[in-house]
Amino acid sequence: QVQLVESGGGLAQAGGSLRLSCTVSGTDFSREAMGWYRQVPGKEREMVAQITAGSGAAYADSAKGRFTISRVNAKNTVYLQMNRLKPEDTAVYYCKIAFTDYWGQGTQVTVSS
């Protein structure tokens, strides 16, 4: 059974930082590409960052220069380091195994101005 468990969300002030974690079980994590997505009420879920099995990374324009996606295969975990946060980063953040329908439960990130 594949499971993704996110953690690390919370409240931050504008300009601050948060690090999200997503731990995966039930699959060979080292072979999986992973992604972070976010969603606000009334809007579609959007990709924030992706990382390949070989740790190649890609970012949405809104995340470039501020967010960093990384992975530690020994821990079956993918991270999203978010710096210089803005109020518009407020959303529920989800991790996903690429090319599958496996999602985490989501973690709320709220950035106050």
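In what order do the 6 strands of the open sheet with mixed pairing run? In this predicted model, the order works out as β2-β10-β9-β4-β5-β6. At the edges sit β2, covering 10-13, and β6, covering 57-59, and each of them pairs on one side only. Going from one strand to its neighbour, the turn averages 25 degrees, with direction ignored. Inside this sheet, β9 and β10 run antiparallel and are joined by 3 bridges. One residue pair to look at here is Val92, whose bridge partner in β10 is Gln108.

There is another open sheet, this one with 4 strands, and its order is β1-β3-β8-β7. Its pairing is antiparallel, whereas the 6-stranded sheet is mixed. As for the general picture, strands of a sheet pair through backbone hydrogen bonds, and they do so either parallel or antiparallel. The edges of the 4-stranded sheet are β1 (3-7) and β7 (67-72), each pairing on one side only. From one strand to the next, the twist averages 15 degrees. The antiparallel pairing of β7 with β8 (residues 77-82) takes in 6 bridges; one of the residues to check is Ser70, which has Tyr79 of β8 as its bridge partner.

Next comes the disulfide. The count is 1, and the link runs between Cys22 and Cys95, with the sulfurs 1.9 Å apart. The angle about the S-S bond is 55 degrees, and the link is right-handed. Since Cys22 belongs to strand β3 (residues 18-25) and Cys95 to strand β9 (residues 91-97), the bond ties together parts that are 73 residues apart in sequence. Strand β3 is a member of the 4-stranded sheet, and strand β9 is a member of the 6-stranded one, so the disulfide, with one cysteine in β3 and the other in β9, ties a strand of one sheet to a strand of the other. How buried or exposed are the two cysteines? Cys22 has a relative accessible area of 0% and is therefore buried, and Cys95 is buried too, at 0%.

Arg38 is worth a stop as well. This residue sits in strand β4 (residues 34-39), and its relative accessibility of 7% is under 20%, so Arg38 counts as buried. Which side chains does the Arg38 side chain meet in polar contacts? One is Glu46, at 2.7 Å, and another is Asp89, at 2.9 Å. Setting aside neighbours within four places in sequence, the residues in contact with Arg38 include Glu44, Arg45, Val48, Ser62, Phe67 and Glu88. Also among them are Ala91, Val92 and Tyr93, and Val92 is the residue bridged to Gln108 in β10.

That leads over to Thr107, which lies in strand β10 (residues 107-112). Thr107 has a relative accessibility of 11%, so this residue counts as buried. A polar atom of the Thr107 side chain lies 3.2 Å from the backbone nitrogen of Gly9. Not counting residues up to four places away in sequence, Thr107 touches Gly9 along with Glu6, Ser7, Gly8 and Leu20. Ala91, Val92 and Tyr93 are touched by Thr107 as well, and these three residues also turn up among the contacts of Arg38.

Methods: Residues numbered from 1 in each chain as written. Predicted model: local features only at pLDDT ≥ 70, side-chain atom pairs only at ≥ 80, totals over all residues. Heavy atoms only, no water. Pairing = 2+ DSSP bridges. Helix = DSSP H or I, 4+ residues; strand = E, 2+ residues; numbered from the N terminus. Axes fitted to C-alpha atoms, helices over the stretch in contact; angles between N-to-C directions. Disulfide = S-S within 2.5 Å. Buried < 20%, exposed > 50% of the residue type's maximum accessible area, 1.4 Å probe, protein only. Polar contact = N/O pair within 3.5 Å; in protein donor to acceptor, adjacent residues only side chain to side chain. Contact = heavy atoms within 4.5 Å.
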